[in-house]
Amino acid sequence: MEEIVIVFTIAYALVSLCFVAPPREFVSAGLTVQNILSGYLGSEDMDVVGYHLKRTTSTVLLHSLLPLGYYICLGLVSPRLQLFDPARAGLSANICLLACLSIALGGAVCARYWSWNKWSHHPFAKLLLKHGSPWRAVASSVNIEFRRITKFSSIIGGTSLYITDSWIIRCSAYKIDIAHQPDVHLSIIHAEDHAISHESSVAVQFLNIKVSSITPGVKPFVIRLNSTDYGDLREKLQAPIRNARNVVIHQSLSDKFIEAFKEQVAQNDSYHLQDGEEEPEPCIGCMQAPANIKLQKLCASAGEGQCVPCYCRPMWCIDCMGKWFASRQDQHQPEGWLASTSPCPTCRAKFCILDVCLVGR
């Protein structure tokens, strides 16, 4: 009987741990609060505030039921313990039952309090209230920006990070932190270097960035980020990120390639606009930098090699073209990227780096 109790306890503890902090296998199998209650939670993209109000509340409630679930299941697995008969179960079993019931009751009371008065008592709603009144107007602004495809997002473990045009949002199992971009100061406080990532066989670096807001009542919080996403994060932030501790940030393969891409393009022949040709418009990739790239077959004579002429007008900047070129390569063989080819992002004509020309007069 003792062996059954020990085996069941270990198995239940492992399953509970995976449910609380789900690994990739549990996420793939849909064994998460988000997937189990997807019908109730709704769409995160359409109503991110309402989604996380419900998600955090449901998570607290379901997690608080795990100890009681253990007690009930143990009573079914081992009837000799007589756990369902308090008079015979013994003092230790009754104390365990009381503790399990107290945790479950505490979770239920917390969930009811948070959802009372249309979620006005939820910590997230109270935090939104610090950014403006009424809090639902702030929530509407957050929802509108979150629907835009230009937001930055990163998920590490059970924590999600979203950066919209005006907001920094960090979502963990029980808590949501939010800060208004114009009111924050960001600083790198720590870097974690791992020889092997648990998701891949390559080295990985995680950056811990402290977000401090000048808004009264908004406490600082820390966001955790893969260093390969650091460049994309900076492009989305309005405020600079201070690196007072001079943390060495590892570049992603894409960032390293783009630097080499720019160096090679700078050595290529330039494309000079002809009389009558209009000045380049903004890049259609980022809509910020001017479209300063023209593809011309220069690597070989006409009819030779894999590359073919491209007749598209300049529509892309060098950064976006470099990112496009990198995205079309074999991610497991970065050493061959510079010598490889890519289809034009507009007409699909094949080109190599030697065919990429900067636009000039």
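Here are four short exercises, with worked solutions, on the predicted model shown above.

**Exercise 1. Work out whether Ser 64 is buried or exposed, and describe its surroundings.**

Solution.
- Start with the secondary structure: Ser 64 belongs to helix α5, which covers residues 48–64.
- Next, look at the accessibility. Buried means under 20% relative accessible area. Ser 64 has 8% relative accessibility, so Ser 64 counts as buried.
- Now follow the side chain: it comes to 2.6 Å from the backbone oxygen of Leu 61.
- Finally, set aside the neighbours within four places in sequence. The contacts of Ser 64 are then Ile 103, Ala 104, Gly 107 and Ala 108.

**Exercise 2. Find which residues carry the "transmembrane region" annotation, and check how much helix each span holds.**

Solution.
- The annotation comes from an unreviewed UniProt entry, and it covers residues 60–79 and 91–114.
- For residues 60–79, the model gives 85% helix and 0% strand, with 30 Å between the end C-alpha atoms.
- For residues 91–114, the figures are 100% helix and 0% strand, and the end C-alpha atoms lie 34 Å apart.
- Linking back to Exercise 1, Ser 64 falls in the annotated span 60–79, and its contact Ile 103 falls in the span 91–114.

**Exercise 3. Describe the nonpolar surface patch that includes Ile 6.**

Solution.
- Place Ile 6 first: this residue sits in helix α1, residues 2–20.
- Then classify it. The cut-off for exposed is over 50% relative accessible area; Ile 6 reaches 51%, so this residue counts as exposed.
- Its partners in the patch are Ile 10 and Leu 14, and together the three residues have about 300 Å² of accessible area.

**Exercise 4. Trace the salt bridges around Arg 148 and Asp 177.**

Solution.
- Begin with the total: the model has nine salt bridges.
- One of them pairs Arg 148 with Asp 165, with the closest N and O atoms 2.6 Å apart. This pair links distant parts of the chain, 17 residues apart: Arg 148 is in the loop between α10 (135–146) and β1 (152–156), and Asp 165 is in the loop between β2 (159–163) and β3 (167–171).
- Check the accessibility of both partners. Arg 148 is partly exposed at 35%, and Asp 165 is partly exposed at 27%.
- Turn to Asp 177, which meets Arg 170 in a salt bridge at 3.3 Å, N to O, and also bridges to Lys 175, with the closest N and O atoms 3.6 Å apart.
- Compare the burial: Asp 177 is buried at 7% relative accessibility, whereas Lys 175 is partly exposed at 47%.
- To finish, salt bridges with shared partners join Arg 148, Asp 165 and Lys 236 into one network.

Terms used. Residues are numbered from 1 along each chain as its sequence is written. This is a predicted model: local features need pLDDT of at least 70, side-chain atom pairs count only at pLDDT 80 or more; totals for chains, interfaces and linings use all residues. Side-chain values use heavy atoms; hydrogens and water are left out. Patches are made of residues with over 30% relative accessible area and no salt bridge: like charges are joined within 9 Å, nonpolar side chains (Val, Leu, Ile, Met, Phe, Trp, Tyr) within 5 Å. Accessible areas come from the Shrake-Rupley method with a 1.4 Å probe; for residues, only the protein chains shown count as cover. A salt bridge is a side-chain nitrogen of Lys or Arg within 4 Å of a carboxyl oxygen of Asp or Glu. Helices (H or I, at least four residues) and strands (E, at least two) are DSSP runs, numbered from the N terminus. Buried means under 20% relative accessible area, exposed over 50%, partly exposed in between (1.4 Å probe, protein chains only). A polar contact is a pair of N or O atoms within 3.5 Å; within protein, one must be able to donate a hydrogen and the other to accept it, and residues adjacent in sequence count only if both atoms are side-chain atoms. Contact means heavy atoms within 4.5 Å. UniProt positions are given in the numbering used here, feature names are shortened, and annotations may be inferred rather than shown by experiment.
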